[in-house]
Amino acid sequence: MQVNLNNINRDEAFRYMGHKGGEIPQSIISIADECEQKLLENISPKYIYKIFDITPSQEGIIVENTPLVFKGRDIAEHLQGCEKCVLMCATLSSGADRVIRQYEASGMEKAVVADCLASSAIEQVCNIAEAEIQKAIGDYNYTWRFSAGYGDFPLEIQKDFLTVLDAQRRIGLNITDSLILIPRKSVTAVMGVSKNEIAKGKRGCGCCNMREICNFRKRGTHCGF
Amino acid sequence: MDFKAKFEKLMQKEFVSLDGAMGTMLQARGLKMGETPEVLNIENPEMLVQIHKEYIEAGADIIYANTFGANRYKLEHCDYTVNQLIKAGIENAKKACEGTDTLVALDIGPIGQLLEPTGTLTFEQAYDIYKEQIIAGSEADVIVFETMTDLYELKSAVLAAKENSNKPIICTMTFEENMRTFTGCGVDSMALTLEGLGVDAIGLNCSLGPAELYPIVEKLSKWTNLPIVLKPNAGLPDPVTNEYNVTPKEFAKLMQKTIPLGVKIFGGCCGTTPEFIKETNAMLKGEKYQPLNNIIPSACCSASKTVVINRPRIIGERINPTGKKRFKEALLANDIDYILNQAIEQIHGGADILDVNVGLPGIDEGDMMCRAVKALQGVVDVPLQLDSTIPAVLEQALRVYNGKPIVNSVNGEEKSLQAVLPLVKKYGAAVVGLCLDENGIPKTAEGRFEIAKKILDRATSIGIKKENIFIDCLCLTVSAEQDAAIETLKAIHKVKTELGLKTVLGVSNISFGLPERVIVTHNFLTMALANGLDLPIINPNVADMTGSVRAYNVLVGHDKNSIEYVNAYGNKKSENPAEKSENIDLAYALENGLKAEGAKLTEQLLETTEPMNIINNILIPALDKCGAEFESGKIFLPQLILTAGVAQGCFEVIKNHFAKTGEKSVSKGKIIVATVKGDIHDIGKNIVKVLLENYGYDVIDLGKDVDYQSVVDCAIENNVHLVGLSALMTTTLVSMEKTIQLLHKNNVDCKIMVGGAVLTPEYAEQIGADYYAKDAKESCDIAKEVFEKFYPAN
C-alpha cells in the first residue's frame with residue numbers, strides 16, 4: 001500500500017533533535033523547510049500487513065501458519081486476550097536514505113535535521129497504516145503497535161517476520177545480519193486483534209526494558225511510547 | 001554445447017513462452033511461509049517435476065528451475081549447499097523437459113542483502129555469490145536474473161554470468177508504478193546499462209499486473225532494441241485474503257495489448273498458474289511479433305539518472321588533482337569527503353556529468369578510483385566520466401560503476417585503441433576519442449578529422465555503437481599557437497557534420513598565459529558550441545562558463561520558454577545575502593550559521609591576520625561558546641552543528657591558504673573515528689568528526705561497518721593515540737567490545753572513547769573503553785584531555 005504524505009510533523013522531529021522548548025531560530029526553520037521538501041520529493045512510503053491467528057503456548061505466542069513464535073513476557077502481555085494479530089511493516093523507501101546520505105556529504109546540520117524529520121515521517125506513515133488496516137479488517141478491537149526491541153521482545157524475530165510478509169519483494173524492505181532494517185527509516189510492528197474488548201495495556205517508561213539506556217530519558221524527554 | 005545457438009533457434013519462433021509462478025504452485029501444495037522452497041528440489045523432486053510438466057504442457061518454451069533463492073547468503077542455515085540445491089533443481093527441470101524442445105533456465109533472484117552504500121554487501125562479494133550459483137548451474141541452457149530492484153546488484157550478476165559461462169542471459173527487473181525500482185533505478189538506466197553489458201533479452205517481472213506494467217513496458221520499448229520480456233503478476237493481491245484479482249483470460253487479454261510494444265517473451269509471476277500460460281499462448285496464436293526499431297540516443301547514466309546528449313551538457317572538470325595542491329593533499333590523506341564536496345559543488349554549479357580523475361604519483365590510482373567512484377555514486381546521481389591514462393585503472397572503475405559511464409579516453413595510437421576499446425565494449429560504456437596519435441596532435445582540422453575517423457572505424461569494428469563515441473578535437477593554448485583555435489573549431493564542425501558523432505572538448509586550456517582568462521575561455525566556449533560542441537568540459541563553478549552554456553541553450557531553442565534559464569537566474573537576489581557581509585564579523589557568521597559569509601570573511605581576514613590567530617582568537621572561542629550553550633540547553637543539536645559547519649568552511653579556507661603558501665598547518669593530534677562492524681548508523685559518528693576537526697584534530701574517518709582489524713591496522717600505521725568508536729544497536733555493541741579487545745591485544749598505544757544511543761557509562765567501562773562520550777561536544781572535551789594529559793608531545 002502506498003501512503004501519501006503532504007507534510008512531516010516537525011514538532012516531533014524537533015523533539016528528536018533534542019529541542020526542549022523555546023523559539024527555534026530562523027536558520028534552523030529554513031533548513032527544516034528545505035529538508036522536508038527534499039524528503040517529500042524523494043520518499044515513496046509504503047506498508048504491507050497480514051493477519052494471523054495466534055495461540056499462546058509454553059514456548060511463546062505461536063503465529064499460526066508461519067514459523068514465528070513470539071517470545072518474551074512483554075509481547076505476551078501485549079497480546080493477552082487477542083485471538084489474532086496483525087503483522088505490519090512500513091518503510092519510507094531508500095529515497096530517504098539517499099537524501100540523508102547526500103546531506104551527510106554536503107552539510108551535517110542538514111543531515112541531522114533530515115534524519116529526524118524522516119524518523120517523524122515514518123511514525124506518521126505507521127499511524128496512517130494502522131488506521132487503514134483497522135478500517136480494512138473491520139469491527140474488531142486492537143492493541144497499539146508493538147515492535148521488536150520493545151521491552152523483552154527480541155529483535156531477532158524481525159528476520160522471519162519480514163520473510164513471512166515477503167517484505168523484500170513487496171516493499172523493498174531488507175534486514176542486515178546485525179538486524180538493522182534497510183531502508184533505514186522502516187518499522188515492523190505487531191497489533192493484537194480481538195472480538196472482545198482489550199484491557200488498555202500500560203504504556204510508558206515503567207514497562208519499557210530500554211528505560212535504563214534510553215536516550216530520551218537521558219535527556220529528560222520521552223519517546224511517546 | 002552451444003547455448004547461444006540453441007537460444008537463437010528458439011528466438012526464431014514468433015513468440016517465446018516462459019512459465020508461470022513457482023512459489024504460488026508450491027504454496028498451493030503446502031509450502032509454508034518462511035520455508036526454503038529450494039529444499040524441495042532434493043526432498044520432493046517428484047512434486048517439482050510435476051509442476052514443471054504442467055507448465056510445459058501449457059506451452060512454456062523455457063521453464064525456470066526452482067533455484068531463485070539458492071544463494072550462499074539465504075542458505076546459510078540450510079542443511080544443503082548451493083551446489084546441491086541448484087544441481088538438483090536443474091535436474092528436476094531437465095527431467096520434466098525430456099522429449100520436448102523446452103529449455104531450462106537457471107533462475108536467480110536477488111541475494112537478499114542490499115549492496116553498499118544502502119546496505120553492507122560489497123559489489124565484489126555480490127559477484128562471488130552469483131559466481132557460485134552460475135557455476136553450480138552449468139547444466140542449464142539459459143541464465144535468468146529476475147525480480148531485481150538494484151541495478152548495481154544486477155550488474156555484478158551479469159558480469160559473473162558473462163565471465164563464468166557462455167550462456168544467454170535474460171534480465172528482468174521489478175518496477176513500481178512510479179516507473180522506478182525500490183532502489184530508484186529508472187527504466188532508461190536499466191535499458192542503457194544492460195544492453196551495454198550485452199545481455200540477450202530484458203524486461204519486467206513481478207510487483208504488478210499486466211495492466212499496471214503497461215506504461216512501464218511502453219517506456220522500456222523506447223529505450224531498447226532487444227526482445228522484451230514480460231512476466232507480470234496475476235494482477236494485484238488483496239491485502240486481507242492475499243488473492244490476486246486477474247483471471248487467466250483477462251491476463252491473456254491484457255498481455256495481448258503489449259504486443260505492439262515489442263514484447264516477444266511472455267510469462268507469468270506471482271499468482272499465475274499453468275492456466276494463465278495456456279491462455280496467453282492461445283492468445284499469441286495468430287499474432288505477429290513486432291520487433292523494435294529504435295534509434296537509441298547518445299546517452300550516459302547512473303542508476304537513477306539518464307543524461308541524453310541531445311543538446312550541450314556540461315561535464316564538470318574539478319575532480320582532478322592536476323595543478324591543485326589542496327586536492328593532492330586530500331588524495332594523499334585518503335580524504336574522500338573532499339572529493340564528494342567537489343562533486344556536490346559542481347552539481348550546484350550546473351554540471352550534468354562529472355569527470356573523475358584521481359591520478360597522482362605515490363597513490364594506488366586503481367584503488368583510489370574505485371573508492372571515489374563508489375563514494376560518488378552513493379551520494380550524487382549525475383553520471384560519471386571515468387578519466388585515467390591507465391587502462392587497468394579504467395577497467396577497475398568500469399567494473400564498479402553503477403550505470404553507463406563515459407570513458408576518458410582513447411586516442412588514435414595503436415596501443416591505446418587496442419587497450420581501451422575492448423574495455424568500452426565489454427562494459428557497455430561511451431568513450432571519448434582524442435584526436436591525437438603516435439605523431440602527436442595534428443596541426444590541421446583535416447588531420448584531426450582523420451584520427452577521429454580512424455577511432456570511429458576501429459570502435460565500430462568491435463561492435464561499439466556510433467552513438468557511444470564522442471570525439472575530442474583538442475584545444476591548444478591560443479597565446480602559444482594562435483591559429484590552433486580556429487583549427488579546433490573547424491575540426492569540431494567537420495566531425496559533427498561529416499561523421500555524425502557527438503563532440504567533447506576541455507576548453508579551459510585555451511586561455512592559459514593570458515590575463516582575465518575567463519573572458520577568452522567563455523568566448524571560445526560559445527564559439528565551440530556554435531560549431532557543434534555537445535559536451536564542454538569546464539569548471540561549472542565559474543558562473544560565466546555555465547552561463548554561456550545556459551544562454552546558448554536559450555538562443556538555439558533547446559531551453560523551451562527559457563524555463564531552465566529563469567530557474568537558474570530568476571531568483572538570484574534573494575539567494576545570496578552575502579552583500580550584507582560588510583556589516584557582520586566572523587563571530588556573527590559563526591553564531592548565525594552563515595556558511596558562505598564565514599568563508600568569505602575568513603578569506604578577508606587572512607589578508608591581515610595570521611591564520612593561527614584566526615583559529616585561536618575567533619574560531620575556537622566561538623565554538624567553545626556554542627558548545628557551552630549546547631550543554632546548558634540554550635541551543636539544541638542542529639544549531640551546534642550549523643555553527644560547526646560554518647567553522648568547517650572557515651578551516652577549509654585556511655587549509656587552502658596553507659596549501660598555497662606551503663606553510664604547515666598545526667595538528668593537535670590524530671584521532672580515528674569508526675562505526676563498528678555490522679553497524680551502519682554513522683550520523684552520530686559524522687557529527688563527532690565535524691566537531692573534532694573544528695578543534696584542530698586530524699580525523700581519520702574509517703566509515704561504517706568497519707572491521708576490527710582495520711581499526712587496529714590504521715591506529716598502528718598512523719600512530720594514532722585516540723580511537724573513537726560508535727555503535728547504535730544492542731546487536732552491534734559486541735563488535736565494539738571485540739574491536740576494543742583487539743586493540744588491547746595488539747598493545748596499541750591509544751585511548752578509546754565510545755558513544756552511541758544504546759551505550760551507558762557503565763557498559764563502556766565494562767567493555768574496556770577508557771571514555772564514554774554522551775554526545776559530540778563531550779568527545780571534544782575527551783580529546784582535549786587525552787592529548788593534554790597522556791600525549792602532550794602531539
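Here are three short exercises on a predicted model with chains A and B.

**Exercise 1. The contact between the chains**

Find how many residues each chain gives to the contact, and which element of chain A supplies the largest share of its side.

*Solution.* Start with the totals: chain A brings 52 residues and chain B brings 48 residues. Next, look for the elements of chain A that each supply at least two residues to the side touching chain B; among them are α2 (26-42), β1 (46-56) and α5 (108-137). The largest share, 9 residues, comes from α4(A). Finally, sort this side of chain A by class: 22 residues are nonpolar, 19 are polar and 11 are charged.

**Exercise 2. A helix of chain B**

Check the span of helix α4 (residues 45-57) of chain B, then work out which of its residues are buried and what they pack against.

*Solution.* First, the span: at 1.5 Å a residue, the 13 residues of this helix should span 18 Å, and its end C-alpha atoms are 18 Å apart, so the two agree. Second, the buried residues of α4(B): B:Leu48, B:Ile51, B:His52, B:Glu54, B:Tyr55 and B:Ile56. Third, their partners in chain B: these buried residues pack against α2 (23-28), α3 (40-43), β2 (62-64), α5 (82-97) and α11 (274-284). Now step just past α4(B), where B:Gly59 takes a positive phi of about 110°.

**Exercise 3. The domains of chain B**

List the domains assigned to chain B and give the separation between the centres of domain 1 and domain 4.

*Solution.* Begin with the domain assignment: domain 1 (3-284), domain 2 (299-574), domain 3 (578-661) and domain 4 (670-790). Then take the centres over C-alpha atoms: those of domain 1 and domain 4 of chain B are separated by 45 Å.

Methods: Residues numbered from 1 in each chain as written. Chains lettered and ligands numbered in written order. Predicted model: local features only at pLDDT ≥ 70, side-chain atom pairs only at ≥ 80, totals over all residues. Contact = placed C-beta atoms within 7 Å. Helix = DSSP H or I, 4+ residues; strand = E, 2+ residues; numbered from the N terminus. Nonpolar A, V, L, I, M, F, W, Y, C, P; charged D, E, K, R; others polar. Expected span 1.5 Å × (residues − 1). Buried ≥ 20, exposed ≤ 12 C-beta atoms within 10 Å, placed from the backbone. Domains from an automatic or database assignment.
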